[in-house]
Amino acid sequence: KDDTRWRVFMNKMDKWRHGSSKRNPLRDKVLWFVQQPKFQYFMLIVITINAIMLACDYYQAPDALKDAIKYVNLTCTIIFVIECVLKLFGFGIRKYFSELANWLDFLLVVLSIVELFLSGNAAFSAFRAFRLARVIQLARKAERLRKIVNVLASAMAEAIYLFMLLLIFLFIYTILGMQLYGTDNVSSDDPR
């Protein structure tokens, strides 16, 4: 009797994890494709190209460069949307959203789509900066780079108290400087 309860429980858990108890062959193929190293390297190349093109934009850039950035941005956004849809279908909604990196990808895809539709609005062009968060994926793939990022993150966690102390000193000396040198008493013979 306990053995049958265990099997029923495991079948329910399998159904919860995969979305259904029956395996969909198309879903298995999509999952296999998304997990292939070639697909992942292709996505890393697209992320790198997107980051480089976002870095190329500057004030009063020529129209040809702005158009190139716009078309590469559109192409990268389409590729990111396709990746998100494939991963959602392959992994299933629960398993896809069980990883924090997929949450970040999904949020960036949604922000990219919003930014495409509101591209004339200057407030939404600031969302482009959030796309650089995809560069974090490069650190996830490279083992040495991941170790460096982990060491820096732990060092930053330890150094937060030092930064807070520095901020307090900056605040104190700013107030002191304003009290000592921030007067409106300017003599008339001062050449300023």
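**Notes on the helical core and helix 6**

1. To start with the cysteines: there are zero disulfides in the structure, which is a predicted model. Two cysteines worth a look are Cys76 and Cys84. Cys76 has a relative accessible area of 4%, so it is buried. Cys84 is buried too, because its relative accessibility of 6% falls under the 20% cut-off.

2. Next, the nonpolar core. The largest one contains 14 residues, and Val34, Phe80 and Phe91 have the most contacts inside it. Helix 2 (25-34), helix 3 (37-56) and helix 4 (63-91) each contribute two or more residues to this core. Helix 3 supplies the largest share, with five residues. As general background, nonpolar side chains in soluble globular proteins tend to be buried together.

3. Phe80 deserves a closer look in your viewer. Setting aside residues up to four places away in sequence, Phe80 touches Met43, Val46, Ile47, Asn50, Val109 and Arg134. One of these partners, Val109, is among the buried residues of helix 6.

4. Helix 6 itself covers residues 100-117, 18 residues in total. From first C-alpha to last, helix 6 reaches 26 Å, close to the 26 Å expected at 1.5 Å a residue. Its buried residues are Ala101, Asn102, Asp105, Leu108, Val109, Leu111, Ser112 and Glu115. When reading that list, keep in mind that an α-helix has 3.6 residues a turn, so residues three or four places apart point the same way.

5. Finally, what does Asn102 contact beyond its neighbours within four places in sequence? The partners are Lys87 and Tyr96. Asn102 lies in helix 6 and counts as buried because its relative accessibility is 3%.

Technical notes: Residues numbered from 1 in each chain as written. Predicted model: local features only at pLDDT ≥ 70, side-chain atom pairs only at ≥ 80, totals over all residues. Heavy atoms only, no water. Core = buried A, V, L, I, M, F, W, Y, C linked by side-chain atoms within 4.5 Å. Buried < 20%, exposed > 50% of the residue type's maximum accessible area, 1.4 Å probe, protein only. Helix = DSSP H or I, 4+ residues; strand = E, 2+ residues; numbered from the N terminus. Contact = heavy atoms within 4.5 Å. Expected span 1.5 Å × (residues − 1). Disulfide = S-S within 2.5 Å.
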